[in-house]
Amino acid sequence: MLYTTVDMLGVIAFAISGVLVAMEKRLDLFGVGIIAMVTAIGGGTIRDLLVGEVPVDWMRHAYIVYVILLTTVLAVLFQNRLKNLRKSLFLFDTIGIGLYTLVGIEKGLAAGLSPVICIALGTITACFGGVLRDILCNEIPVIFRREIYASACIAGGILFFVLLAGGIDPGYCNIAGILTVILIRLLAVRFHIGMPNIYRDRGPAG
Amino acid sequence: MLYTTVDMLGVIAFAISGVLVAMEKRLDLFGVGIIAMVTAIGGGTIRDLLVGEVPVDWMRHAYIVYVILLTTVLAVLFQNRLKNLRKSLFLFDTIGIGLYTLVGIEKGLAAGLSPVICIALGTITACFGGVLRDILCNEIPVIFRREIYASACIAGGILFFVLLAGGIDPGYCNIAGILTVILIRLLAVRFHIGMPNIYRDRGPAG
Amino acid sequence: MLYTTVDMLGVIAFAISGVLVAMEKRLDLFGVGIIAMVTAIGGGTIRDLLVGEVPVDWMRHAYIVYVILLTTVLAVLFQNRLKNLRKSLFLFDTIGIGLYTLVGIEKGLAAGLSPVICIALGTITACFGGVLRDILCNEIPVIFRREIYASACIAGGILFFVLLAGGIDPGYCNIAGILTVILIRLLAVRFHIGMPNIYRDRGPAG
């Protein structure tokens, strides 16, 4: 129950991030709704397709679609007040990627996949909704541009497997993984830490 | 038989719309063919992947691929005359989205999915070929930009389920749904009705 | 064993082509790694999803992911020397599309699909990693722009089925198909042969 409530905060935060990007591109109401939907459930959809869990998650849990549609309508109605919510939204989004990463990892384990593949699945779950959002809005995905976002998911995933290999109870590994993702993301944004520059000539574009 | 013939008109109209967009981008013959293919069968492919009906539809019915390839070659050969066909093409396309929407809904019902998910599947079947076309051509999907297109599919889908809940014979619900999609789309284009403006500051970009 | 070694050369060449495009867009290390991954395994992933072979190939063979990650790190570290390798990379890439085309065709045959669909699967396996790479980097896919690339795959696939229909041993058909793809691609690049111009008014843009 608590889990589902917290999970829904992540869905709402992802949906609103989709609404914001879509409205910047001045899409119509349908377009805004689709982008909200894709941002919130796109990562989990790709994950389910890759492991073969079909019909994919949101098709079996229609209430997620209702939550996203309601969020979209409210976000469009109160568009002028959204900027006052930026801090809460950032927090929800961060909690969301923490949860999504570990949900993806658990699905990978249930499918009998190896740790590195599970971590990839977790990262896809957490980050590829945003990637699809940016592709549909004709932008290079923002997570490919120096932000500590996917890297936080990967770090949390690695910690999960390190603890698991150390004989720690899976439930604790799970919580530790989620908190690690959240903590790294919060610290990176708080202290303006980005990915290292890999270019020899000059700084990156982003 | 009648159904298949009408269905093929939809496939042909979608394929030609792909050819037109691809030729505007001046792609080569292979690129034009791929865009035609993706436009005509992309929506159904995404639908089949989401519900887990694999190999996807066009792989089990190769004649669809032949129809699209032939359409592409003819459209390229007679490219100068295509503009004279715009009215017929628009009509075929409109019939196509009506049929595709209800095909998607039926597949959703067969998979035991709830009405809102079935309507989503129908809309994906009808509209996401065009979405993939625009993404491959590096454009923001045109259906996200104020046209009554996906909304017509959603309205037809809702009517289908309202009638079904009212105890009407499924066959009649089906026909009523298809005709509703077609009628709304025709009326919207005829009377220049678009999606409502959702922006407080100024009008949308599109 | 030889097969796997040669196959890995293709994976490495595809991954490096992803690194090069991603670095041109000045993505961060994570973005470069994802683009490398998508370029190398995207085509096979789409193929596996379409025929329903899940979890998809790379999830069952994690060593491919390690090879790509190592390739990415080395390519970034030695970025200044990559241009000296262009000829080898082109050769590896060409061998790669030859192998991938026939792998895709074999998977299609194993799934009981008809020849034209098998050839489509082979071409998707060989070419759609590059298509995904270009979409993620916000470019119209380069293979849609006059190069003999996908056409070489299609030609090799057709030859495979012609020989097979002629009663030739499948193993020989396979090798003949691979060599045909490689040969056509090499000759096209060597003699600057592109796809024919299909535009009546002026030349294509690309």
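These are my notes on symmetry, one helix and several salt bridges in a predicted model.

**Symmetry.** I superposed chain A on chain C and got an RMSD of 0.0 Å, with a turn of 120° and a shift of 0.0 Å along the axis. The two copies are thus related as by a three-fold rotation axis. I then looked for the residue of chain A that comes closest to this axis, and found Asn138(A), with its C-alpha at 3.8 Å. I also compared the interface residues of the two chains. Only 9% of those in chain A are also interface residues in chain C, so the copies meet through different surfaces.

**Helix H7 of chain B.** I took residues 150-165, which make up this helix of 16 residues. From first C-alpha to last, H7 of chain B reaches 23 Å, close to the 22 Å expected at 1.5 Å a residue. Which residues of H7(B) are buried? I list Ala150(B), Ser151(B), Ala152(B), Cys153(B), Gly156(B), Gly157(B), Phe160(B) and Phe161(B). I next checked what covers them. The cover includes helix H2 (29-51) from chain A, and from chain B helix H5 (86-110), helix H6 (115-136) and helix H8 (170-190). Just after H7(B), I noted a positive phi of about 85° at Gly167(B).

**Salt bridges.** I find 21 salt bridges over all chains. I looked up three of them, one in each chain.

In chain A, I looked at Lys107(A) and Glu53(A), whose side chains meet at 2.8 Å, N to O. Lys107(A) lies in helix H5 (residues 86-110) and Glu53(A) in the loop between H2 and helix H3 (57-60), so the pair ties together parts that are 54 residues apart in sequence. Lys107(A) has 17% relative accessibility and counts as buried, whereas Glu53(A), at 31%, counts as partly exposed. I also find both residues in a network of salt bridges that links them with Arg47(A), Asp48(A) and Arg60(A).

In chain B, I looked at Asp48(B) and Arg47(B), which form a salt bridge at 3.0 Å, N to O. Both Asp48(B) and Arg47(B) are buried.

In chain C, I looked at Glu147(C) and Arg185(C), which form a salt bridge at 2.9 Å, N to O. This pair links distant parts of the chain, 38 residues apart: Glu147(C) sits in the loop between helix H6 (115-136) and helix H7 (150-165), and Arg185(C) in helix H8 (residues 170-190). Is each partner buried or partly exposed? Glu147(C) counts as partly exposed at 32% relative accessibility. Arg185(C) is buried, with a relative accessible area of 7%.

Key:
Residues are numbered from 1 along each chain as its sequence is written. Chains are lettered from A and ligands numbered from 1 in the order in which they are written. This is a predicted model: local features need pLDDT of at least 70, side-chain atom pairs count only at pLDDT 80 or more; totals for chains, interfaces and linings use all residues. Side-chain values use heavy atoms; hydrogens and water are left out. Copies are superposed by least squares on the C-alpha atoms of residues with pLDDT of at least 70 in both. Contact means heavy atoms within 4.5 Å. Helices (H or I, at least four residues) and strands (E, at least two) are DSSP runs, numbered from the N terminus. The expected span of a helix is 1.5 Å times one less than its number of residues. Buried means under 20% relative accessible area, exposed over 50%, partly exposed in between (1.4 Å probe, protein chains only). A salt bridge is a side-chain nitrogen of Lys or Arg within 4 Å of a carboxyl oxygen of Asp or Glu.
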